[in-house]
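The following account is intended to be read alongside the sequence and the coordinates. Please keep both in view while following the text.

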Amino acid sequence: KYWGELKNEATQTCLDSMGKHPPTEIGNGGCHGGGGYQMMMLNTEGQLVNGEWCVQADGQDKITLVWCDMGKTDGPWKFLTDTQQMRHTKYDRCLALHPETKQLVLLACDENNLYHKWQWGTITPHWART
């Protein structure tokens, strides 16, 4: 449904696995448009992935990258295009960057807070750039 870089409106930084392997916390970093560790995909079933690794939330302040369950393609994430928010349907909270720590967290959704807003950006592979 969506794929590319997932950029935060407040900081203009992107979700980034930072080259780490699961299980680990996922971070955010300067958007480079090159894909790789910043290439995210949200399928129609609600699974948010970076390659074969899934983005998971524990309901509190921990957003992690884990191995996706074999054979499962569903997940708890839904991108709300009208408010540009990534909502976790199980916890009814939104993916956000903490304004002070810049860590990824789940918070009560606030459509007026730029730290809760995300944009999907197209990634053009380096070999396709002119």
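The paragraphs below treat a sheet, a nonpolar core, an aromatic cluster and two loop positions in turn.

The model is a predicted one. A suitable starting point is an open sheet of four strands, arranged in the order S9-S10-S11-S12 with antiparallel pairing. Its edges are formed by strand S9, residues 77-80, and strand S12, residues 104-107, each of which pairs on one side only. On average, and with direction ignored, neighbouring strands of this sheet are turned by 40° against each other. In general, the strands of a sheet pair through backbone hydrogen bonds, in either a parallel or an antiparallel manner. Here, S9 and strand S10 (residues 85-88) run antiparallel and are joined by four bridges. Within this pairing, Phe79 stands opposite Met86 in S10.

Met86 also leads to the interior. The largest nonpolar core comprises 21 residues, and Met86 is among those with the most contacts inside it, together with Leu15, Leu48, Trp77, Trp118 and Trp120. Several strands each supply at least two residues of this core, including strand S1 (2-8), strand S8 (63-67), strand S11 (93-97) and strand S13 (118-121), as well as the edge strands S9 and S12. The greatest contribution comes from S7, which gives three residues.

Leu15 illustrates the surroundings of one such core residue. With residues up to four places away in sequence left out, Leu15 touches Leu6, Ile26, Gly27, Asn28, Tyr37, Gln38, Met40, Leu48, Leu95, Leu104 and Trp118. Two of the other residues with the most contacts inside the core, Leu48 and Trp118, therefore appear in the description of both the core and this neighbourhood.

Aromatic contacts form the next topic. A search of the whole structure finds four aromatic pairs. One of them is an edge-to-face pair of Tyr2 and Phe79, with 5.1 Å from centre to centre and 70° between the planes. This pair links distant parts of the chain, since Tyr2 belongs to strand S1 and Phe79 to strand S9, 77 residues apart. Tyr2 counts as buried because its relative accessibility is 18%, which falls under the 20% limit. Phe79 likewise counts as buried, because its relative accessibility is 11%.

Tyr2 takes part in a further aromatic pair, with Trp120; this one is stacked, at 5.6 Å centre to centre and 15° between the planes. Because Tyr2 lies in strand S1 and Trp120 in strand S13, the pair ties together parts that are 118 residues apart in sequence. Both Tyr2 and Trp120 are buried. Taken together, Tyr2, Phe79 and Trp120 form one aromatic cluster.

Two loop positions complete the account. Gln38, one of the residues touched by Leu15, is placed in the loop between strand S4 (27-30) and S5. Is this loop residue buried or exposed? Gln38 counts as buried, because its relative accessibility is 0%. Its side chain is joined to that of Asp16 by a polar contact of 2.9 Å. Beyond residues up to four places away in sequence, Gln38 touches Asp16 and a series of others, among them Gly4, Glu5, Cys14, Gly29, Cys31, His32, Asn50 and Ile123.

Thr44 lies in the loop between S5 and strand S6 (48-50). Thr44 is exposed, because its relative accessible area of 64% is over the 50% limit. The C-alpha atoms of Thr44 and Gly75 are 9.2 Å apart in space, while the two residues are 31 residues apart in sequence.

Technical notes: Residues are numbered from 1 along each chain as its sequence is written. This is a predicted model: local features need pLDDT of at least 70, side-chain atom pairs count only at pLDDT 80 or more; totals for chains, interfaces and linings use all residues. Side-chain values use heavy atoms; hydrogens and water are left out. Two strands pair if DSSP finds at least two bridges between them. Axes are lines fitted to C-alpha atoms, for helices over the stretch in contact, and angles run from 0 to 180 degrees between N-to-C directions. A nonpolar core is a set of buried Ala, Val, Leu, Ile, Met, Phe, Trp, Tyr and Cys residues joined through side-chain atoms within 4.5 Å. Buried means under 20% relative accessible area, exposed over 50%, partly exposed in between (1.4 Å probe, protein chains only). Contact means heavy atoms within 4.5 Å. Rings of Phe, Tyr and Trp (its six-membered ring) pair if their centres lie within 6.5 Å; planes under 30 degrees apart count as stacked, over 60 as edge-to-face and the rest as tilted. A polar contact is a pair of N or O atoms within 3.5 Å; within protein, one must be able to donate a hydrogen and the other to accept it, and residues adjacent in sequence count only if both atoms are side-chain atoms.
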